[in-house]
Amino acid sequence: MGRIMKSAAALLLIAFGTGCAGENINQKLYTGGFIAMDTYISLTLYGESGEKASAECKKEIERLEAMFSVTDENSEISLINNAQGAKTTVSAETAELIDFALKAGDISGGCLDITVYPVVREWGFTTGEYKVPDPDSLSELLKNTGYEKVILENNALTLPPDGKIDLGAVAKGYAGDKAIEILKNNGIVSGLISLGGNIQTIGGKPDGTPWNVAVRDPFSEDNFGILKIKDRAIVTSGNYERFFEENGKIYHHIIDPSDGYPADNGIVSATVIGDKGALCDALSTAVFVMGTEKSEELWRSRGDFEMILVTDEKEIFITEGIYDSFENTSDMEMKVIYKKQ
Ligand code: AMP
Ligand code: MG
């Protein structure tokens with residue numbers, strides 16, 4: 001068994017500049033954080049009730065974790081996974097997130113697939129007991145995967161007898177959306193929440209300028225660029241986030257559902273920018289698996305997200321809608337993806 005690693009966040013809030021006075025410049029600052037969903041969650045909030053808002057976010061995220069966690073035997077997901085093919089009724093909220101993830105499976109051509117969980121577990125990515133599975137056990141496990149085998153009728157779910165699901169690829173983004181709602185309801189007009197690889201913002205900085213979010217360079221401990229963002233979710237999926245090394249080869253945690261091996265379609269980091277954390281989370285995982293060409297097609301067919309992809313050839317692909325907001329601080333070449341080729 002080689003090294004086991006789980007690295008620091010993929011996205012980082014950086015440098016509060018002092019800009020010209022904006023309308024929220026006199027708001028009270030609260031910074032804090034807590035651990036939930038297996039990650040450190042930090043908040044930077046401007047408003048009178050930052051501390052109360054943060055405490056409410058913690059409670060909400062813990063509630064969601066208790067429902068969605070695949071390793072918690074009492075979660076609704078475990079209830080489904082232990083049902084051995086029987087129909088299981090879950091809460092409307094869990095059913096809705098599953099429905100959303102299944103639709104993301106559809107739009108990504110099956111590259112996002114919540115039923116890939118038994119394979120992820122076999123690699124040890126959810127247990128910490130990392131190993132390269134033998135090909136026979138992988139093909140055996142792949143017989144029970146396939147998001148299209150999930151039957152969802154209202155709040156009742158049926159899986160194949162050995163089928164299991166995991167919302168790990170979308171849950172943090174969804175939790176971020178719920179947290180943003182709570183923050184807004186508490187009067188936060190300028191704020192940022194960071195959930196590991198996910199950053200979600202309310203407005204810009206109090207001086208009216210955008211938040212500066214650094215995106216981690218997959219080839220070093222450094223960043224490769226800075227995104228200037230207001231009112232957006234930014235989610236990165238990277239091969240460096242969770243991986244292990246065996247016999248000199250690196251195996252990372254995002255699995256290609258078509259063969260059960262870590263996705264190897266040329267992308268080493270995928271950042272998706274949009275209005276909603278859940279969509280960005282689903283799509284960052286999906287485009288990581290899809291590769292650049294299919295991701296470009298998906299981006300052209302929709303109007304609700306932008307993306308920055310880094311390839312194993314050390315190239316950056318960036319969609320035109322976010323190009324002006326991104327400063328490339330690396331020496332990697334940057335190619336712009338346009339709507340019309
Ligand atoms: P993310 O960090 O959002 O990219 O999600 C990655 C996590 O989702 C992994 O740690 C697995 O638990 C799970 N996962 C891995 N590959 C896939 C996939 N192709 N579709 C859905 N979930 C996946
Ligand atoms: Mg994701």
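**Group meeting: a walk through the chain**

Hi everyone, let's start at T115: setting aside neighbours within four places in sequence, T115 is in contact with T145, G146, Y147, V150, K164 and I165. Before I go on, please keep in mind that this is a predicted model. T115 sits in the loop between α3 and α4. Is T115 buried or exposed? With a relative accessibility of 3%, T115 counts as buried, because the cut-off for buried is under 20%. One of its contacts deserves a closer look: G146 is 31 residues away from T115 along the chain, yet the two C-alpha atoms are separated by 5.9 Å.

Now let me step back to the whole chain. The secondary structure comes to 9 helices and 19 strands. What radius of gyration would a compact globule of 341 residues have? The rule gives a value near 20 Å, and the chain has 20 Å, so the two agree. If you prefer box dimensions, the C-alpha trace spans about 60 × 45 × 40 Å along its principal axes.

How much of the chain is buried? Buried residues make up 55% of the 341. As for contacts with a separation of 6 or more, 63% of them come from residues 24 or more positions apart. The accessible surface comes to about 15,100 Å², and carbon and sulfur atoms hold 47% of that. On charges, there are 32 positive and 53 negative side chains, and the centres of these two sets lie 3 Å apart.

Next, the metal site, which I suspect some of you have been waiting for. Which atoms coordinate the magnesium ion, ligand 2? The donors are A169 (O), D281 (O), D281 (OD) and T285 (OG1), at 2.0 to 2.4 Å. Notice that D281 appears with O and with OD in that list. The sequence spacing of the donor residues reads A-x111-D-x3-T. For the D and T part, look at helix α7, residues 277-290: D281 and T285 both lie there, 4 residues apart, which is about one turn of the helix. Both of these residues are buried.

Let me turn to two buried glycines. G105 is in helix α3, residues 92-107. Its relative accessible area is 0%, so G105 is buried. Beyond four places in sequence, G105 is in contact with G110, C111, L112 and Y147. You have met Y147 already, as it is also among the contacts of T115. For a sense of distance, G105 and F224 are 119 residues apart in sequence and 29 Å apart from C-alpha to C-alpha.

The other glycine is G124, in the loop between α4 (117-122) and α5 (135-142). Here too the relative accessible area is 0%, so G124 is buried. What does G124 contact, once neighbours within four places in sequence are left aside? The answer is E129 and Y130. Computed along the chain, so to speak, S42 is 82 residues from G124, and their C-alpha atoms are separated by 27 Å.

On to backbone angles, where two residues other than glycine have positive phi. D38 has phi near 65°, and D38 is found in the loop between β3 (29-36) and β4 (39-46). Q84 has phi near 50° and is found in the loop between α2 (76-81) and β5 (88-89). Is Q84 buried or exposed? Q84 is exposed, because its relative accessible area is 67% and the cut-off is over 50%.

Two more stops. S49 lies in the loop between β4 and α1 (50-68). Not counting residues up to four places away, S49 touches N186 and I188. By contrast, E93 is 44 residues from S49 in sequence and 27 Å away in space, C-alpha to C-alpha.

Finally, T311, which has its place in strand β16, residues 306-311. At 6% relative accessibility, T311 counts as buried. Which residues does T311 touch, not counting those up to four places away in sequence? They are F219, G266, I267, V268, T292 and F317.

If you open the model afterwards, you could begin with the magnesium ion and its donors A169, D281 and T285, then look at T115 and G146, with their C-alpha atoms 5.9 Å apart. Thanks for listening!

Key: Residues numbered from 1 in each chain as written. Chains lettered and ligands numbered in written order. Predicted model: local features only at pLDDT ≥ 70, side-chain atom pairs only at ≥ 80, totals over all residues. Heavy atoms only, no water. Rg over C-alpha atoms; globule rule 2.2 N^0.38 Å. Buried < 20%, exposed > 50% of the residue type's maximum accessible area, 1.4 Å probe, protein only. Contact = heavy atoms within 4.5 Å. Areas by Shrake-Rupley, 256 points an atom, 1.4 Å probe, with all protein chains shown as cover. Lys, Arg positive; Asp, Glu negative; His and termini not counted. Charge placed at Lys NZ, Arg CZ, Asp CG, Glu CD. Donors = N, O, S within 2.8 Å, 3.2 Å for Na, K, Ca; no water.
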